[in-house]
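Trainee: I'm new to this one and I'd like a close look at just one part of it. Could you pick a single residue, show me its surroundings, and then move outwards?

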Amino acid sequence: MNPHQPTLLLASVLLSRTWWLFIFAAASRDQGAELLALFYPDRQWFYLSLIAGLIPFSKLIVVKPWQRVPWRLQAAILTLMTLADIGYQLKVVVASSWDFHLSNALLLWLAAMSLWLLLRALFSRTSLEHPFVS
């Protein structure tokens, strides 16, 4: 097993949070629409988040094909997606006129920690000594 696998899984769970919310909303049929409206008042961002979370969600659900992809490529893809997610979260904060919301602060903090772990995995000494070992 790759020593950086937990970092990749954590980033995938964070980036696929819209899919998990969608599953929970579908399971709670009566309050599903209210639950989605609570987290995503603008449907456009909900659909964009579903599309953006498709790759990390597929990494968690369909494991076998992802085992053939080198972990450094997976980490690079997840790093770019985490940067895009941080940009989206910052846009949400700016759109709310910089009002503090615990959910936004928590998501930004988790995304920043995920980015730090991904960059640490990408530039760790062992990964630089053996760049083509998956």
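Mentor: Thr18 is buried, with a relative accessible area of 3%; buried means under 20%, taken with a 1.4 Å probe on protein chains only. Keep in mind that this is a predicted model, where local features need pLDDT of at least 70, side-chain atom pairs count only at pLDDT 80 or more, and totals for chains, interfaces and linings use all residues. Residues are numbered from 1 along each chain as its sequence is written, and side-chain values use heavy atoms, with hydrogens and water left out.

You'll find Thr18 in helix α2, residues 17-27 (a helix is a DSSP run of H or I, at least four residues, numbered from the N terminus). Leaving aside residues up to four places away in sequence, Thr18 touches Tyr40, Phe46, Ser49 and Leu50, where touching means heavy atoms within 4.5 Å. With Tyr40 there's also a side-chain polar contact of 2.6 Å, that is, a pair of N or O atoms within 3.5 Å, one able to donate a hydrogen and the other to accept it.

Now follow Tyr40 outwards. Tyr40 is among the five residues closest to the centre of the largest pocket, along with Phe39, Tyr88, Asn104 and Leu107, out of 25 that line it. A pocket here is an open set of points on a 1 Å grid with protein on both sides within 12 Å along at least five of seven lines, and lining residues have an atom within 4 Å of a point. The volume of the largest pocket is about 690 Å³, counted as the space filled by probe spheres set on the points. Helices α1 (5-15), α2, α3 (32-39), α7 and α8 (102-122) each give two or more residues to that lining.

Let's stay with α7, then. This helix covers residues 71-95, 25 in total, and reaches 36 Å from its first C-alpha to its last, close to the 36 Å expected at 1.5 Å a residue. Its buried residues include Trp71, Gln74, Leu78, Asp85 and Tyr88. Just after α7, Ser97 takes a positive phi of about 60°.

Gln74 and Leu78 also help line the largest cavity, together with Ile55, Pro56, Lys59, Trp66 and Ile77. Helices α5 (54-61) and α7 are the elements that give two or more residues to that lining. A cavity is a set of points where a 1.4 Å probe fits but cannot get out. The whole structure has 1 cavity of 30 Å³ or more, and the largest holds about 40 Å³ of space.

Terms used
Expected span 1.5 Å × (residues − 1). Buried < 20%, exposed > 50% of the residue type's maximum accessible area, 1.4 Å probe, protein only.
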